[in-house]
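Here is a short set of questions and answers for anyone who likes to see how a structural term is earned. Have a look at the model first, and then we can reason through it together.

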Amino acid sequence: MEDSNHRLGQKKVVAVVGGGLVGALNACFFAKRGFQVEVFETREDIRNAKVVKGRSINLALSHRGRQALKHVGMEDKIVSKGIPMNARMIHSLSGKQSPIPYGKKGQYILSVDRANLNKELLTEAERYPNTKLNFDHKLQDWSAATGLMTFARSDGSKTQVQADLIVGCDGAFSAVRKQFMRRSRFNYSQTYIPHGYMELTIPPKDGEFAMKPNFLHIWPRNTFMMIALPNLDKTFTCTLFMPFEDFEKITTGDEVIEFFQKYFPDSIPLIGVDALKRDYFRLPAQAMVSVKCSPYHIGDKCVLMGDAAHAVVPFYGQGMNAGFEDCIVFDEIMNQFNEDLSAVLPEYTRVRVPDDHAIADLAMYNYIEMRAHVNSKWFIFRKHVDNLLHFLMPKTIIPLYTMVTFTRTRYHVAVERWLWQNKVINRGLLLGAVGAVFGGSYLLIKNPANINKLVVSAEKIWNKLVALKAPQSVGTLSQI
Ligand code: FAD
Ligand code: EGU
């Protein structure tokens, strides 16, 4: 609060580039502190647009994202329009559905509408008198020396704007980041995965949801995977993930049906044969990219947040949640350093880079894991093993997805803890195996005639295990 701008009673100008999810939320955070906030967004105001073209129609909102919304007083508003998903519903090839709860009762994630979330956040940002939204402003270039930005308008004109701080929230293909790329000692990596995604819709059936609404529906088929999240209008948005190669192999409506018949037969009547044939060809499959970089700041002038800093593949449902958490972390550091940007920005990089890199790695790891060997049986089995371990040692073994989804445990700490837990589990297994060999040998030597009893009791244990696998078993899980 000591700097000269403040003494004059004038807060600094913060330019938020990008009025997407993270930009709009960030505008609220900075406005709340009293900064003069200018948001610059390429698109027209989506609140007036008829069709919003975006990346995905709905998203899974979890604890980290909710906490960030809470900081700006938006949690209840958004949660009230979200649909709770208390469990996954695993669809096997035969059409069998198996629910696997996310956690205890009351532990759930929310399916939220991206466009609605974005609109509500823009409207909230605009409620602050010290915020101005500038649509149809596409950042072309900016100067790291002066903070001068150049924007292009759709009528071909250009405008220049000066700011004290530039906050790059302009997504995975960030224009703000371009100036970082020209600098020495800036690390950057980007990876396109071989998979693309395509969105399809399951309409309501007789005016009701065509599947159970309070679930994240999953069809795990190794290389191919489909996920469906519920919408308020009683539709589901399905996201089909598969290699671009395979998307391209399917060129006719009949081939689409043939493919779905083979891998997702139960979804055909839900989507509808005609709709499926039509919608599959409406838009080409979309690419997914993972971006990591560091540092996140230039001097006291500019900072990157959200996908601009770290685009992650969607296989943990954390991209937006991580971007929202960026805003909280920055806000906490602003408190810690009294809004002294020359101290806040480096600290933000120091604290946040390891966590964003950890979630980017985790999401990529899960992508590789799922496509390699996760079919519905394996998915169900894994989650039950994790539930069992958590049940046996609730303090020691906490499923990875629980730490990621339902806590604000720093992502890099969650990963470290998970690696440690895996060591404990592997030691336990080794010890158990050694114990079984010695114990079994001892019994056989002492009592050779009883081998049949041993076999029988092993069978009994197996049957009990199979019974345990029945749905409703409590608790939680993850991948090891
Ligand atoms: P964006 O949403 O990309 O917003 C960037 C904004 O900047 C846009 O409005 C754009 O128009 C604007 N812009 C771009 N360039 C310029 C420029 N030069 N000048 C001015 N403005 C500009 N995350 C989750 O948490 N949960 C999920 O379930 C989930 N599911 C996903 C499913 C899929 C298929 C995909 C692809 C992603 C998913 N994500 C999910 C990730 C999530 O979509 C992103 O992390 C999130 O949108 C990032 O928000 P952002 O504001 O940083 O970037
Ligand atoms: C992908 C696309 C199930 C929305 C990861 C789980 C996702 C989402 C999982 C999309 C999966 C995969 C988790 C959540 C969530 C699971 C999670 C993935 C939402 C490990 C709109 N993932 N997603 N893990 O546990 O932690 O249910 O497009 F199939 S929510 Cl890939 Cl919790």
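The questions below deal with a predicted model, and each answer sets a value against its definition.

Q: What makes β6 and β17 the edge strands of their sheet?
A: Each of them, β6 (97–101) and β17 (286–294), pairs on one side only. That fits the strand order, β6-β5-β14-β15-β16-β13-β17, in an open sheet of seven strands with mixed pairing. Neighbouring strands here are turned by 30° against each other on average, direction ignored.

Q: How do you know that β14 and β15 are paired?
A: Pairing requires at least two bridges between two strands. Five bridges join β14 (residues 215–221) to β15 (residues 224–230), so the pair qualifies, and the two strands run antiparallel. Within this pair, His217 stands opposite Ala228 in β15.

Q: How do you know that helix α12 packs on the sheet, and which strands are touched?
A: Contact means heavy atoms within 4.5 Å, and α12 (residues 341–373) touches β13 (187–202), β15 and β17. The direction of α12 makes about 145° with that of β17. Helix α13 (residues 376–392) also packs on the sheet, touching β5 (87–91), β6 and β14.

Q: Why are α3 and α11 called oblique to each other?
A: Their axes come within 8 Å and cross at roughly 45°. Angles under 35 degrees would count as roughly parallel and 65 to 115 as roughly perpendicular; a crossing at roughly 45° falls in neither range, so the helices are oblique. In handedness, α3 passes α11 in a left-handed crossing.

Q: What makes up the contact of α3 with α11, by class?
A: The residues divide into four nonpolar, four polar and three charged. Gly65 of α3 is one of those in the contact, and Gly counts as polar by definition. From α11, the contributors include Phe324, Glu325 and Ile328.

Q: Why is α12 called oblique to α15?
A: The axes of α12 and α15 (residues 411–446) cross at roughly 55° and come within 7 Å. Roughly parallel needs an angle under 35 degrees, and roughly perpendicular begins at 65, which makes α12 oblique to α15. Among the residues that meet are Leu362 and Tyr365 in α12, with Val415 and Trp418 in α15. By class, this contact has eight nonpolar, one polar and two charged residues.

Q: How do you know that β10 and β11 pair, and what lies between them?
A: Two bridges would suffice, and β10 (residues 148–152) and β11 (residues 158–162) pair over five, in the antiparallel sense. They form a hairpin with five residues between them, and Gly156 in the turn has a positive phi of about 95°.

Conventions:
Residues numbered from 1 in each chain as written. Chains lettered and ligands numbered in written order. Predicted model: local features only at pLDDT ≥ 70, side-chain atom pairs only at ≥ 80, totals over all residues. Heavy atoms only, no water. Helix = DSSP H or I, 4+ residues; strand = E, 2+ residues; numbered from the N terminus. Axes fitted to C-alpha atoms, helices over the stretch in contact; angles between N-to-C directions. Left-handed = near helix turned anticlockwise from the far one by under 90°. Parallel < 35°, antiparallel > 145°, perpendicular 65-115°, else oblique.
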